[in-house]
Amino acid sequence: MPELPEVQSVVNHFKPYLLNQFIHSIDYLNNYEKVFETHSSNDLNKHVANQKISKVWRRGKYIVIDVSNGHLCIHLRMTGQLQVGCNKTDNTNHFTALINLKNKSKIYFKDYRKFGRIYFFKDLSILNYRLGPEPFDPNFNLTYVFEFFKGKNKDIKSFLLDQKFVSGIGNIYASEILFLSKINPCKKVSVLSKKECQKIILNSKKILLKAIAKGGSSIRDFKDTSGSKGGFQNEFKVYQQEGKKCKNLGCFDLIKKKIIGNRSTFFCDSCQK
């Protein structure tokens, strides 16, 4: 599933195509109307047709397109991709939706597994209720993190994946953040020191900013809107590195893999305590 850096990369590529343009209509394709999670096709177009796009941004793993009377939100889920226009090599059976702009541009939603969704919200209160602070938000600070962890007995890896704790981080970046922080992913949050919490906060920003600069990570299906793959997968220290030598200087241990919360977790037993 695309995580924060991949979604931000899509947003960065799409802004020039969408900003200050007017929506003509949004259509579902291949009889897949349930791509519109919150409205029927007719109701959705009543809200967005002829609306000017004033902002294109990201909230957690959602692409948010602001119009004057609300917010169009796109969640790519497992295999969703957005692209401008339709290529001759495209299998059109994989298209689930089409955004038609008044300038004649067409934005296709391609989704091999068809889990991706398009929502319309009059305001973002429902989305904000589901999501914790952004990793770059000033509210994601030591006071918030340390207080959030008090009395809780869950492991730190699971919390980094909990979108109500912090939004946008997924399996790839949680492993990389904890490796850089030298914290074992199985460690219970109730015993984390303030120094360890601060490391998690700072390294979340560091890893995510680096990944955004590299255009995200392309593991399976992710490509940006130009069809290019991300480059951060070439920077992985632990993710999918099971059995390889730890990349920390002076460590000769091998990267291990463990299932935590039904997700593969990669770490160095020697470096992460």
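Helices here are DSSP runs of H or I with at least four residues, strands are runs of E with at least two, and both are numbered from the N terminus. Keep in mind that this is a predicted model.

**Exercise 1. A residue in a loop**

Find where Lys182 sits, and work out whether it is buried, partly exposed or exposed.

Solution.
Step 1: Look between α6 and α7, and you'll find Lys182 in the loop there.
Step 2: Check its surface. Lys182 has 47% relative accessibility, so it counts as partly exposed, since that class runs between the 20% and 50% cut-offs.
Step 3: Now look at the backbone. Lys182 has a positive phi, near 60°, and it isn't a glycine.
Step 4: Try the loop between β1 and α2 as well, where Asn30 is found. Asn30 isn't a glycine either, and its phi is positive at about 55°. With 39% relative accessibility, Asn30 counts as partly exposed too.

**Exercise 2. The two sides of α2**

Decide which residues of helix α2 (residues 41-48) are buried, and why they end up on the same side.

Solution.
Step 1: Pick out the buried ones: Ser41, Leu44, Asn45 and Val48. Because they span an arc of only 95° around the axis, they share the same side of α2.
Step 2: Recall a bit of helix geometry. With 3.6 residues a turn, an α-helix has residues three or four places apart pointing the same way.
Step 3: Turn to the other side of α2, where Asn42 and Lys46 are exposed.
Step 4: Ask what lies over the buried residues. The cover includes β1 (23-28), β4 (70-75) and β8 (117-121).
Step 5: Follow the chain past the helix to Asn50, whose phi is positive, near 70°.

**Exercise 3. Salt bridges, one by one**

Work out which partner Arg117 has in a salt bridge, then go through some other pairs.

Solution.
Step 1: Start with the idea. Side chains of opposite charge can pair when their charged atoms come close.
Step 2: The partner of Arg117 is Glu37, with the closest N and O atoms 3.1 Å apart. This pair ties together distant parts of the chain: Arg117 belongs to strand β8 and Glu37 to the loop between β1 and α2, 80 residues apart.
Step 3: Compare their surroundings. Arg117 is buried, at 11% relative accessible area, while Glu37 is partly exposed at 43%.
Step 4: Go back to α2, where Lys46 and Asp43 form a salt bridge at 3.9 Å, N to O. They are three residues apart in the helix, which means about one helical turn separates them. Lys46 is exposed at 67% relative accessibility, and Asp43 is partly exposed at 35%.
Step 5: Add the network that links Arg58, Arg59 and Glu134. The full count comes to 11 salt bridges.

**Exercise 4. A hairpin and what follows it**

Describe how strands β9 and β10 pair, and find the residue with positive phi in their hairpin.

Solution.
Step 1: Line up β9 (residues 256-260) with β10 (residues 263-267). They are antiparallel, with five bridges.
Step 2: Find a facing pair: Ile260 is opposite Arg263 in β10.
Step 3: Look at the turn. Two residues lie between the strands, and Gly261 in this hairpin has a positive phi near 60°.
Step 4: Check for a charged pair. Lys256 makes a salt bridge with Asp269, whose closest N and O atoms are 3.0 Å apart. Lys256 is in strand β9 and Asp269 in the segment after β10, 13 residues along.

**Exercise 5. Around α7 and α6**

Work out how the span of α7 (residues 194-213) compares with what you'd expect, and see what its buried residues pack against.

Solution.
Step 1: Take the 20 residues of α7. From first C-alpha to last, the helix reaches 29 Å, close to the 28 Å expected at 1.5 Å a residue.
Step 2: List some buried residues, including Cys197, Ile200, Ser204 and Leu208. The buried residues pack against α1 (4-18), α4 (142-149), α5 (156-161) and α6 (171-181).
Step 3: Just past the helix, Gly215 has a positive phi of about 80°.
Step 4: Move to α6, home of Asn171. At 5% relative accessibility, Asn171 is buried. A polar atom of its side chain lies 2.9 Å from the backbone oxygen of Ser264.
Step 5: Finish with its contacts beyond four places in sequence, among them Glu3, Leu161 and Tyr239.

Key:
Residues numbered from 1 in each chain as written. Heavy atoms only, no water. Buried < 20%, exposed > 50% of the residue type's maximum accessible area, 1.4 Å probe, protein only. Arc of directions from axis to C-beta. Contact = heavy atoms within 4.5 Å. Expected span 1.5 Å × (residues − 1). Polar contact = N/O pair within 3.5 Å; in protein donor to acceptor, adjacent residues only side chain to side chain. Pairing = 2+ DSSP bridges. Salt bridge = Lys/Arg side-chain N within 4 Å of Asp/Glu carboxyl O.
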